[in-house]
Amino acid sequence: MTSDTARFVGDIPIFYDRGLGPVIFEDYAADIAHRTAASAPLDLLETAAGTGIVTRKLRDFLSPQAKLTASDLNAPMLEVAMTKFGATEQVIFRPADATALPFDDEAFDAIVCQFGLMFFPDKHRAHREARRTLRPGGRYLFSVWDAPSYNPFSRIGLEVVELFFPDDPPQFLKAPFSCSEIDPIKESLLGAGFTDITISVRPRVKEVADPAAFARGLVFGSPLFEQIRERGGVRPESLVEALAERFTQELGDNPMRLPMQAIFYEARAA
């Protein structure tokens, strides 16, 4: 990750987990975990595990005998993830860079990464590391966000931020949507030694009972908060209020209906 997009520090992981997790991550987490468990992997690695939203679903769906390793570059995110598991559950937490994994060759028979690739500074290297640590025939499953036009919370967020910072708007909200082009990712996977690549677009409409809580998650639950704080002159709460108002204006209220769309990839190690 770049230094700017990697700063999930302080209270950011908590706001991320509570404000964003239930709205934009949990449904997709259940989907990718279910698909991963279908092949009954026994040694599984999750990269960019964050606060354990996918990790929890994986542990629920996997065989009790399966060993699950959850890794993330940000130790504070993993600290939140650890609270979701009992002492007897087979989950190993390991701070790790997805572009330089501290694991042996052919250590895993599946690797999962939900909404992490967009933040890796060297995506080709991340794919090569996934291939190196997968056994032949192992599965690599990951997802990325589609373009902002399919994810209006990104567009609305950027528009509101620019109203408050017209001369130097924080740019974090662009980062999660930087991998919406399919062909470059497909070519990178082929170059890294993957085959049998399947790609699917997954739209959803989420009913959101509390748009203000979601707006708070967007502002306080990502490095956007640090970018706002560094610029100064604007109360983050003012951004939350403006975001919540725009969300309900465009997407309704009681409940808000939030469209979103992700792209899901599955590939096999040659």
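This is a short tour of one strand, its neighbours and two enclosed spaces in a predicted model.

Residues are numbered from 1 along each chain as its sequence is written. Because the model is predicted, local features need pLDDT of at least 70 and side-chain atom pairs count only at pLDDT 80 or more, while totals for chains, interfaces and linings use all residues, and side-chain values use heavy atoms, with hydrogens and water left out.

Begin by selecting strand β1, residues 43-46 (strands are DSSP runs of E, at least two residues, and helices runs of H or I, at least four, numbered from the N terminus). D43 and L45 on one side, and L44 and E46 on the other, are all buried, that is, under 20% relative accessible area with a 1.4 Å probe and protein chains only.

Next add strand β2, residues 67-72, which runs parallel to β1 and is joined to it by 4 bridges (two strands pair if DSSP finds at least two bridges between them); here L44 stands opposite L68. Then show strand β4, residues 108-114, also parallel to β1 and joined to it by 3 bridges, where L45 stands opposite I111.

Finally, turn to the cavities, each a set of points on a 1 Å grid over the protein atoms alone where a 1.4 Å probe fits but cannot get out, with lining residues having an atom within 4 Å of a point. The largest holds about 400 Å³ of space, a volume being the space filled by probe spheres set on points joined across faces, edges and corners. Select F8, Y16, F25, F115 and F119, the closest to its centre of the 31 lining residues. Helix α1 (12-37) gives the largest share of that lining, 4 residues.

Note on methods. Buried means under 20% relative accessible area, exposed over 50%, partly exposed in between (1.4 Å probe, protein chains only). On a 1 Å grid over the protein atoms alone, a cavity is a set of points where a 1.4 Å probe fits but cannot get out, and a pocket is an open set with protein on both sides within 12 Å along at least five of seven lines; lining residues have an atom within 4 Å of a point.
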